[in-house]
Amino acid sequence: GGRLAGGVGVVAGALGGLVLGAAAPAADLESLRITVIILALALFLVPILHSYRGFYLGLQEHNAYAYTRQLERVLRLLGIVILGWIAVDRLHLGRISAVYAAAASSVLAAAAALFFYVRLDHRNYGILARAARQQEEPAVQPQPVLKELFSRGLPYFLSALLGTLPMLINATFLIRALTGSGSSYADAKVLYAVVQFQTERFTALPQALAVFLCAGLMPLLNTAAEEHSRYAVQKNVLDALERTLYLVLPLCVYLLVLAGPLYEVMYGGSYLAYGEEAMWAESFQALALALSAVTTLLMLTLNLRRQSLFYLLTGVILKAVFFEPLIRLCGFSGAVISTTLAAAVIVYLDLAKIRNRFEVNYTRTVRRMFRMLLACLAMNGGFFLLRLAGLHPAAVSRPLGALELAAYAAAGFLLYYYITSLMNVPQGIFRMDLKQLLKQWLPHRREEDA
């Protein structure tokens, strides 16, 4: 990790020239170099963090894994908003300081998640050490462990690598593609900041939520696949898809409908037109990426690893092929559309393969998804009534606007739950109503805290 971070710092200047292009002034190259160096600290922390996550996943601590994923996402978003506000609005350090704040928030989020695991490790290490001293059976030989590590761990590593390549294409070639399609360097730099450092942070939430919702089903699915229980595989595949759709769909609709107010409250109105268009496009991207993350996880769990890697590679190729043509055709949102297209193809290929191998019928999921979409329309109607009642988040101060956005979210999701519960959607997906779900979840959390 340390050598990797140092290497990134050394090549940061060269990366600046690659990303920004030959027209970039020296000040912009220096700013990008500082940003990459800050991110190098995250590159040092993240491998350590993932080693803890892997260890505790081996101990079946799935709740700790899911909790730290959400903690990292939330703290990163809060860090971007709060640190950026302090640096720009309070300390008056200039707009570039918001970029530094966004990079620093990644470091702080990784450090917070790592601190959680250090505390968990301190609490559990004594138990594990005593169990090891009392162990009478011989330890497992390293050769089978290493073999399983490479047979199971390597596909997950490669899938994570391939999954990040579409975003890496955006980060590396977006400014070059925009200037090549006729935009000025100044406009391209603004659009790059809007897409990479602002709107993309919001649309990362549905993907994190999707993985969190399905994490508990993966051990059951793995057991069903190893026991060749076709019915159990079919059940858990449909449950994973429906859980994801039930909570991710309304979140993406919220981002789509309130794109303008969300962007203006968080980042101001200077580039509102660009930000609103990016949020619109990225709300669809968020849904596609959330579903592709789940279907890829399903493929890996069902031992369809080679096919999954091939489909991910297909998605990367599609992203690279359509990236520049779509930017020329649709402007900067073409970068987002190309990612959405690639993710949608991955979802289709994954689901088709699972259907053919395990005879999964998606009719029930499609029917429930249609009911969810009807509830989303009702949720949009609720937003319209709130606007008629005088709630306009973009027309008030930022703190009050954030509260009004929270009111929109609360009213919208309550209305969504009410409409879907009338159609028995959450009862069918979670096998319980909201009261039963809270009764089951809250005592479990209290036991963990104790």
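This report describes the nonpolar cores, the cysteines and the salt bridges of a predicted model.

**Nonpolar cores**

The largest nonpolar core holds 83 residues, and among its members Val237, Leu298, Leu302 and Ile354 touch the most others. Helix α8, which spans residues 230-257, supplies the largest share of this core with 15 residues. Around isoleucine 354, once residues up to four places away in sequence are set aside, the contacts are Val237, Leu298, Met299, Leu302, Leu304, Glu359, Val360 and Tyr362. A second core, separate from the largest one, consists of 12 residues, including Ala42, Leu49, Ala64 and Ala110.

**Cysteines**

The structure contains 0 disulfides. For cysteine 252, the closest cysteine sulfur is that of cysteine 376 at 9.1 Å, and because a disulfide requires sulfur atoms within 2.5 Å, this separation is too far for a bond. Cysteine 252 is buried, with a relative accessible area of 5%, and cysteine 214 is likewise buried, with a value of 1%.

**Salt bridges**

Side chains of opposite charge can pair when their charged atoms come close. The structure holds 5 salt bridges, and three of them are listed here with the distance between their N and O atoms.

| Basic residue | Acidic residue | N to O distance |
|---|---|---|
| Lysine 235 | Aspartate 239 | 3.2 Å |
| Arginine 364 | Glutamate 242 | 2.9 Å |
| Arginine 328 | Glutamate 324 | 3.0 Å |

Lysine 235 and aspartate 239 are 4 residues apart in helix α8, so that about one helical turn separates them. Within this pair, lysine 235 is partly exposed at a relative accessible area of 32%, whereas aspartate 239 is buried at 2%.

The bridge between glutamate 242 and arginine 364 reaches from helix α8 to helix α13 (residues 363-388), and therefore ties together parts that are 122 residues apart in sequence. Glutamate 242 is buried, with a relative accessible area of 0%, while arginine 364 counts as partly exposed at 25%.

Glutamate 324 and arginine 328, which are also joined by a salt bridge, both belong to helix α11 (residues 305-330), where they stand 4 residues apart, about one turn of the helix. Glutamate 324 is partly exposed, its relative accessible area being 36%. Through shared partners, salt bridges link Lys235, Asp239, Glu242, Arg364 and Arg368 into one network. Helix α8 thus appears in both parts of this account, contributing 15 residues to the largest core and holding glutamate 242, whose partner lies in helix α13.

Methods. Residues are numbered from 1 along each chain as its sequence is written. This is a predicted model: local features need pLDDT of at least 70, side-chain atom pairs count only at pLDDT 80 or more; totals for chains, interfaces and linings use all residues. Side-chain values use heavy atoms; hydrogens and water are left out. A nonpolar core is a set of buried Ala, Val, Leu, Ile, Met, Phe, Trp, Tyr and Cys residues joined through side-chain atoms within 4.5 Å. Buried means under 20% relative accessible area, exposed over 50%, partly exposed in between (1.4 Å probe, protein chains only). Helices (H or I, at least four residues) and strands (E, at least two) are DSSP runs, numbered from the N terminus. Contact means heavy atoms within 4.5 Å. A salt bridge is a side-chain nitrogen of Lys or Arg within 4 Å of a carboxyl oxygen of Asp or Glu.
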